[in-house]
Amino acid sequence: MNQTLTRERQQIHFFAYLVGTGIHLASWRHETAFPQASIDFEHQVSLARTAEDAKFDAIFLGDSLAIDETSNPGILNRFDPIGLVTALGAVTTNIGLIATSSTSYDEPFNFARAALTADHISGGRVGWNIVTTRDLTNSTAGNFSADEHFDHSLRYRRAEEFVEVTQGLWNSWDTDAFLYDKDSGRFFDRHKLRRLDYKGEFFKVAGPLNIGPSPQRSPLLAQAGTSVPGQQLGARFANALFASHPDIPQARQYRDSVRAQAKAFGRNPDEIYVYQAISPIVADTRDEALERIRELDSLITDQQVLDFLQEYFAGQLDFTGLGADATVNQSGIPTIAQPRTDFRSAGEQISGREDEVTLKDLYSILTGDKRNHDFIGTPQHVADSLERWHAEGTADGFNLMFSLLPQDLERFATGVIPLLQERGLARTEYAGTTLKSHLGLDPQPKGQP
């Protein structure tokens, strides 16, 4: 392991997930919230700079390709992730900028060009969160001239091919291909340009790409997926893997599994960073933190929860007469013979707790909230928990999905990060200028020109 990679692996790494007023579905109703946050660029700049001041690896932007009347308000009206990271790249200096983009509803050439453009503008700080797209509204295909959403296995076969093609396009040029030699009249070295001529099951792409390598050569690859094909996709291609597990044993088992799979693909497992998704709540006391959760939860309407679940389960159950405080068992959800495939992750999170998890809790899980009592309380308590999870081999870092923005981000950045810095577990300065350098990664892996 090189010295830079060794140093970075000794620290805890952080991404900040930024969505509107926060991941909590009722955060926009909080008295301090700015409801237009998701389409206010200066607000997005302020959040990114707060994370940059705390020396986070990156900010992380999710996406959805279909909405309806029951969608989380935070996603109803927001910027396109690639467009936003392109703009943020021009007004930030060091922090990484990770954008979500779907392999199910895009073309590799278009995406490869847009993402590498953003990477150039930022000076090599862009990452791609590879998703195959969850169809929460049952209507995504209808936005792309398709009759139905791809089934789970097909989505992942397509994703593997999509990433292969995209990486091939990003490798169209050697790093020193452009000569700009006015005297000889040679703009580039023809021997350092490669056509792709890819022909596969889903794509036929000639190439080459009409933009050369960025300072980190190409965007960092990130991926979230706990299913077997999801883990395989991440282990084969990604350097940052997102996961969500309720306790240390399950989190450690996942991390061990994907590291072993990466090694089987001939990769160095130490170049894989697993980020556990959590929603930390930091306050002066634990009681105050819990009260802030109760305050946010009180802003959720029962109708919002029940309408969403009725749509999500596509009429397989009738939620009429139930309240949002009814448990999963009371709703009959466990009796569904063939739940939709993207319910798998949520099902794993609530397994064994169906008599205590409410429909309101389930809605929060499905729409992104990742609460864990280990990360709710004082700065000291949260820092201690982060240190313990890291030491136990559960995670290399954490994807922080804040319930209320900007408050929760600011409290974490000013309360928890300094404690971790004092312990030598969080960086005090950036060692490099690219996103890959923040993880101690070589911008040009072995075997690439």
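These exercises walk through parts of a predicted model, each with a worked solution.

**Exercise 1. The barrel**

Task: State which strands close into a barrel, in what order, and how they pair.

Solution:
- Start with the order. Eight strands close the barrel, running β1-β2-β3-β4-β9-β10-β11-β14.
- Next, the sense of pairing. The pairing is parallel.
- Then the turn between strands. Neighbouring strands of this sheet are turned against each other by 25 degrees on average, direction ignored.
- A general point on pairing helps here. Strands of a sheet pair through backbone hydrogen bonds, either parallel or antiparallel.

**Exercise 2. Following the bridges from β2 to β9**

Task: Find how many bridges join β2 to β3, β3 to β4, and β4 to β9.

Solution:
- Begin at β2, residues 58–61. Four bridges join β2 to β3, and the two run parallel. I59 has L97 of β3 as its bridge partner.
- Move on to β3, residues 96–102. Six bridges pair β3 with β4, again in the parallel sense. Here S102 stands opposite V131 in β4.
- The chain gets from β3 to β4 by way of helix α5, residues 108–122. This β-α-β crossover is right-handed.
- Finish at β9, residues 220–224. β4 and β9 pair in the parallel sense over four bridges. N129 has A222 in β9 as its bridge partner.

**Exercise 3. Burial of β4**

Task: Decide whether strand β4 is largely enclosed or open, and say why.

Solution:
- Locate the strand. β4 spans residues 126–131.
- Apply the cut-off. Buried means under 20% relative accessible area.
- Count. Five of the six residues of β4 are buried, so the strand is largely enclosed by the rest of the structure.

**Exercise 4. Packing of α6 and α7**

Task: Classify the packing of helices α6 and α7 as roughly parallel or roughly antiparallel, then describe the contact.

Solution:
- Take the geometry. α6 covers residues 152–170 and α7 covers residues 228–237. They pack at an angle of about 10 degrees, with their axes 10 Å apart.
- Use the cut-off. Angles under 35 degrees count as roughly parallel. α6 and α7 are therefore roughly parallel to each other.
- List the residues. α6 contributes H152, Y156, A159, E160, V163, E164 and Q167. α7 contributes P229, G230, Q232, L233, R236 and F237.
- Sort them. Six are nonpolar, four polar and three charged.
- Place α7 on the sheet. α7 lies across β4, β9 and β10, and runs at about 165 degrees to β9.

**Exercise 5. An arginine in a loop**

Task: Determine whether R267 is buried or exposed, and which residues contact R267.

Solution:
- Locate R267. It lies in the loop between α8 and β11.
- Check accessibility. The relative accessible area of R267 is 17%, so R267 is buried.
- Find the contacts, leaving aside neighbours within four places in sequence. They are G234, A235, R236, F237, A238, N239, A262 and I272.
- Look at A235 in particular. R267 and A235 are 32 residues apart along the chain, yet their C-alpha atoms are separated by 8.5 Å.

**Exercise 6. Buried residues of α10**

Task: Identify which residues of helix α10 are buried, and name elements that cover them.

Solution:
- Scan residues 302–312. Q304, V305, L306, F308, L309 and Y312 are buried.
- Look for the cover. It includes α3 and α13.
- Check what comes after. α10 is followed by A314, with a positive phi near 45 degrees.

**Exercise 7. Unusual backbone angles**

Task: Work out where the cis bonds to P208 and P406 and the positive phi values of N138, Y180 and G185 are placed.

Solution:
- Take the cis bonds. G207 and P208 are joined with omega about 0 degrees; P208 sits in the loop between β8 and β9. L405 and P406 are joined with omega about 5 degrees; P406 sits in the loop between β14 and α15.
- Turn to N138. Its phi is near 60 degrees. N138 is in the loop between β4 and α6 and is partly exposed, at 39% relative accessible area.
- Then Y180. Its phi is about 50 degrees. Y180 is in strand β5 and is exposed, at 53%.
- End with the hairpin of β5 and β6. Two bridges join these antiparallel strands, and F178 stands opposite F188. Four residues lie between the strands, and G185 has a phi near 80 degrees.

Methods:
Residues numbered from 1 in each chain as written. Predicted model: local features only at pLDDT ≥ 70, side-chain atom pairs only at ≥ 80, totals over all residues. Heavy atoms only, no water. Axes fitted to C-alpha atoms, helices over the stretch in contact; angles between N-to-C directions. Parallel < 35°, antiparallel > 145°, perpendicular 65-115°, else oblique. Contact = heavy atoms within 4.5 Å. Nonpolar A, V, L, I, M, F, W, Y, C, P; charged D, E, K, R; others polar. Buried < 20%, exposed > 50% of the residue type's maximum accessible area, 1.4 Å probe, protein only. Pairing = 2+ DSSP bridges. Right-handed = clockwise from strand over helix to strand, strands pointing away.
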